[in-house]
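Trainee: Hi, I've just opened this one and don't know where to begin. Could you walk me through it?
Mentor: Sure, let's bring it up and chat.

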Amino acid sequence: MQSRRKFIRWSALSLPFMSVTKAFSNKNTIANKPIVVSTWDSGLAVNAEAWKVLKKNGRALDAVEVAANSIEDTINCCVGLGGNPDRDGKVTLDACIMDEKANCGSVAFLQHIKHPISVARKLMETTPHVMLVGDGALQFALENGFKREPDKLSDDAAKTYKEWLKKSEYKPVINIEQQQIKAKKSGSGPFAPSYFDDGTANHDTMGTIALDAASNLSGACTTSGMAFKLHGRVGDSPIIGAGLFVDNEIGAATSSGQGEEVIRVAGTHLVVEMMRLGKTPEEACKIAVERIVKINPEKAKGFQVGFIAINKQGEYGAYSIQHGFSYSVTLADDGGKVYMAKSHFPK
């Protein structure tokens with residue numbers, strides 16, 4: 001009996017140690033709160049901004065907003081006004097944000113505004129609406145003190161657009177719908193490529209999800225969308241349940257890649273629902289990827305989609321269609337780490 005009491009006492013005392021050991025032995029096990037996870041290796045710099053908020057016991061919602069703001073302030077191919085334009089040479093922005101109480105805000109096809117994620121939050125917090133688009137979104141932004149920026153491409157975007165025009169020979173004035181259909185059938189039309197000439201995927205949405213010290217989840221997603229897209233095209237990024245979804249009882253997920261395919265399966269909502277059924281974040285992301293691939297396995301070989309997710313316990317994971325999807329994780333003052341997601345198709 002005495003030996004049994006000692007064993008029970010030792011086991012109870014060792015539980016905290018075992019938990020800590022487990023947390024550091026496997027990157028996908030329970031992490032210390034707070035934690036922030038973002039798409040791509042560029043997410044490290046984004047996470048660093050979010051971490052400044054989180055480490056001071058700040059709110060996850062504030063953390064993901066400042067994270068998105070930070071990359072919107074940079075010259076980046078795929079986020080913010082410095083991003084690549086659509087085929088008419090216009091930069092149009094999409095963004096959404098969601099908090100722990102299922103409040104959400106979204107803007108799409110927004111032009112001239114530097115921080116679309118903050119416009120989305122303002123919409124969420126000051127109106128009964130979830131989504132504004134186009135001129136209406138711009139009007140709302142201006143009425144709420146956001147500055148109208150000049151209609152000018154960044155140097156990098158201007159160069160990229162000029163090169164695309166050489167090959168596409170696109171002329172907006174004469175490119176009527178029937179010509180678009182013929183061009184699509186011939187495979188030579190001025191449509192957004194899934195991949196650039198150097199093999200990189202066409203557009204890397206910045207999605208960020210965070211769990212704060214109070215165990216509350218929030219997420220943000222911001223992008224300039226697919227380069228050379230049809231003017232007015234909107235992908236999954238500003239769509240709640242597609243590009244971003246947060247359920248404070250379960251977890252949060254966001255995505256990057258060819259948004260049309262994510263929309264078809266309500267991708268991030270699917271990921272969160274799979275976590276509700278007991279799947280790990282990585283398993284849930286894999287199920288969403290497989291759902292997309294199943295629709296058209298041959299077509300899926302030609303585009304990229306990746307999901308990242310965290311659950312209420314602080315576990316995190318990712319999965320993608322093609323090899324090469326990376327994600328960044330920060331949960332301490334160590335600068336964070338970049339991981340390569342597992343993928344459906346091998347390298």
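**Inside the fold**

Mentor: This is a predicted model. The largest nonpolar core has 47 residues, and the members that touch the most others are Val37, Val271, Phe307, Ile310, Tyr316, Ile321 and Tyr327.

Trainee: Which helix gives the most to this core?

Mentor: Helix H10, residues 281-295, with six residues.

Trainee: OK, and what does Val37 touch, leaving out residues up to four places away in sequence?

Mentor: Quite a list. Among its contacts are Asn47, Gly207, Thr208 and Ile209. Val37 also touches Ile310, Tyr316 and Tyr327, and those three are on the list of residues that touch the most other core members.

Trainee: What about Val36, where does that go?

Mentor: Into a second, separate core of 31 residues, which also includes Ala50, Ile97 and Ala137.

Trainee: Ala50 sits in a helix, I guess. Which residues of H2 are buried?

Mentor: Gly43, Val46, Asn47, Ala50, Trp51, Val53 and Leu54. Looking down the axis of H2, the buried residues fall within an arc of 150 degrees, so they line one face of the helix.

Trainee: And what do the buried residues of H2 pack against?

Mentor: Strand E1 (35-39), helix H3 (60-72), strand E5 (206-211) and strand E11 (326-330).

Trainee: How far apart are the end C-alpha atoms of H2?

Mentor: They are 16 Å apart. H2 runs over residues 43-54, and at 1.5 Å a residue its twelve residues should span 16 Å, so the two agree.

Trainee: Switching topic: how many disulfides does the structure hold?

Mentor: One. Cys77 and Cys78 form it, with their sulfur atoms 2.2 Å apart.

Trainee: Left-handed or right-handed, that disulfide of Cys77 and Cys78?

Mentor: Left-handed, because the torsion about the S-S bond is about -80 degrees.

Trainee: Are Cys77 and Cys78 buried or exposed?

Mentor: They split. Cys77 is partly exposed at 40% relative accessibility, while Cys78 is buried with a relative accessible area of 2%.

Trainee: Then there's Cys96. Why is there no bond to Cys221?

Mentor: The sulfur of Cys96 is 5.4 Å from the one in Cys221, its closest cysteine sulfur, and that is too far for a bond. The cut-off here is 2.5 Å between the sulfur atoms. As for burial, Cys96 is at 0% relative accessibility and counts as buried, and Cys221 is buried at 0% too.

Trainee: Now charges. How many salt bridges does the count come to?

Mentor: It comes to 17. One of them joins the side chains of Glu125 and Arg121, at 2.9 Å from N to O.

Trainee: Where do Glu125 and Arg121 sit relative to each other?

Mentor: Both are in helix H4 (residues 116-126), four residues apart, so about one helical turn separates them. In general, an α-helix has 3.6 residues a turn, so residues three or four places apart point the same way.

Trainee: Which of Glu125 and Arg121 is buried?

Mentor: Arg121 is, with a relative accessible area of 12%. Glu125 is partly exposed at 46%.

Trainee: What does Lys299 form a salt bridge with?

Mentor: With Glu261, and the closest N and O atoms are 3.2 Å apart. This pair links distant parts of the chain: Lys299 is in helix H11 (residues 297-300) and Glu261 is in helix H8 (residues 259-264), 38 residues apart. Lys299 is partly exposed at 36%, whereas Glu261 is buried at 5%.

Trainee: And Glu273, which residue does it pair with?

Mentor: Arg276, with the closest N and O atoms 3.0 Å apart. Glu273 and Arg276 are three residues apart in helix H9, so they too are separated by about one helical turn. Glu273 is partly exposed at 24%, and so is Arg276 at 35%.

Trainee: Which residues do salt bridges with shared partners join into one network?

Mentor: Asp62, Glu65, Arg121 and Glu125.

Trainee: Last one, back to H9. Is Met274 buried or exposed?

Mentor: Buried, with a relative accessible area of 14%. Met274 lies in H9, which covers residues 267-276.

Trainee: What is Met274 in contact with, leaving aside neighbours within four places in sequence?

Mentor: Lys279, Ala284 and Ile287. You can also look at Cys285, eleven residues along the chain from Met274: their C-alpha atoms are separated by 8.4 Å.

Note on methods
Residues are numbered from 1 along each chain as its sequence is written. This is a predicted model: local features need pLDDT of at least 70, side-chain atom pairs count only at pLDDT 80 or more; totals for chains, interfaces and linings use all residues. Side-chain values use heavy atoms; hydrogens and water are left out. Helices (H or I, at least four residues) and strands (E, at least two) are DSSP runs, numbered from the N terminus. Buried means under 20% relative accessible area, exposed over 50%, partly exposed in between (1.4 Å probe, protein chains only). Contact means heavy atoms within 4.5 Å. A nonpolar core is a set of buried Ala, Val, Leu, Ile, Met, Phe, Trp, Tyr and Cys residues joined through side-chain atoms within 4.5 Å. A salt bridge is a side-chain nitrogen of Lys or Arg within 4 Å of a carboxyl oxygen of Asp or Glu. The expected span of a helix is 1.5 Å times one less than its number of residues. The arc is that of the directions from the helix axis to the C-beta atoms.
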